[in-house]
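Biologist: I am new to this structure. Please walk me through one strand and one pocket.

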Amino acid sequence: MTTYAIETHNVVKHFKNKKAVNGISLQVKEGEIFAILGPNGAGKSTFLKMITTLAPLTSGNATIFGYDIQKQASKVRQLIGLTGQYASVDEELSGWQNLMVFARLNGLDKGTAVARSTELLEQFSLTEAKDRPIKEFSGGMRRRLDLAVSLITKPKLVFLDEPTTGLDPRTRGEMWDTIRDLVKSGSTILLTTQYLEEADQLADHIAVIDRGVIVAQGTADELKAQIGDTYFEVELEDANLMGVASDVIRQITGAQPVALPEMTTLSVAISDTHAMLDILVALKDEGINVGQFGVRKPSLDEVFLKLTGAK
C-alpha cells in the first residue's frame, strides 16, 4: 500500500480579484523528491504556504501523513521542516548561535541542542565558520544554514521554496547533493523551483504549475513524452549553406528548423521518422554535405515553454 506524505484535493487560494491557486490536487509519495515547477507568479509559494499551515485555504483540503492541515495543524508542524526563499536566521548572530536559538525554541534541552547543532554544522560543512556572524556568510553558506535550521527536529517531510535561487552553479550543485543525501537518510522532499535543470536533475516526480493550476505532471521523461516531439538534428560541413539547408528541411517537414548555438547544426521537430531519410537524401541532392546527424528527445526546457507559453 502506497504511503503518501502529502495529499491535496482541489486546493484554492483567493486574494482580491485574483485566484493565486486554482484547484491543485496532487500526491507526494513518502521518500521521494517532488518538484513544483513554474514561472514567477505561478502560485508555487502560495501553495507551499497553505500546505505548511502558514496561510489558510480558501477551499479544498490537504493532509500531511494523513493529518488534516487545517484541523490538525499543530501535529502537522511537528512533522515538517520549511526553508523559505529568504534566510530566516538572525544576521547579527553566529551560525552556532542561530542553531542553538532555534533548537531551544523547538523544545530541545541544552545538551540535546548542543549535540544537534554540532551535528548540523558538520553535516553542512559550516563548522569552521560557526562563530562568524551570518552577515559575513556567502549566499551558499546562508542557504545551507537556513536548511540546517529547518532540520533541527529531524522532520520526516522537508519543504524547500526555491532552495538554490541566487546561487552560483557550483554552490547549486552542492545543494543538490545535500538534498539527495536528505532523501537517502529517510526524508521526503517537496521543492518549488523555476530552474528546469534543477527539476530534471533532482525530482522523481514533477508538477508544472502555471497561473495557479497544474498543467501537467509526471516524471521528467513522461513530461517530455507528453509533447510528442522528436527532434532531428543535422550538422552541416559548410556553415554558408545553412539557409539553403533550412529551406530544404522546411519543405519536407512543414516546420521551420532552428539553428543551434553551434551555428552549423539545424534542429527540427518531426512526427514521422521516415522524414529523416527524406531530409538526408534531399540535402545530398542539393550538394549539401552532412557531417553528423542524430535524434533526441525534447528537453525539459522545451516542454516547459510549450506547457506554460513562457517566453
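Modeller: First, the ground rules. Residues are numbered from 1 along each chain as its sequence is written. This is a predicted model, where local features need pLDDT of at least 70 and side-chain atom pairs count only at pLDDT 80 or more.

Biologist: Which strand pairs with β3 over four bridges?

Modeller: Strands are DSSP E runs of at least two residues, numbered from the N terminus. Two of them pair if DSSP finds at least two bridges between them. β3 and β8 (residues 188-193) pair in the parallel sense over five bridges. Four bridges, also parallel, join β3 to β9 (residues 205-210).

Biologist: Which residue of β8 stands opposite Phe 34?

Modeller: Take β9 before β8: there, Ala 35 has Ile 206 as its bridge partner. In β8, the residue opposite Phe 34 is Leu 190.

Biologist: Is β3 largely enclosed or not, and why?

Modeller: Buried means under 20% relative accessible area (1.4 Å probe, protein chains only). Ile 33, Ala 35 and Leu 37 point one way, Phe 34 and Ile 36 the other, and all are buried. Five of the five residues of β3 (residues 33-37) are buried, so β3 is largely enclosed by the rest of the structure.

Biologist: Which element gives the most to the lining of the largest pocket?

Modeller: The lining of the largest pocket has at least two residues each from α2 (73-79), β6 (80-83) and α5 (139-150). Helices here are DSSP H or I runs of at least four residues. With four residues, the element that gives the most to this lining is β6.

Key:
Side-chain values use heavy atoms; hydrogens and water are left out. Buried means under 20% relative accessible area, exposed over 50%, partly exposed in between (1.4 Å probe, protein chains only).
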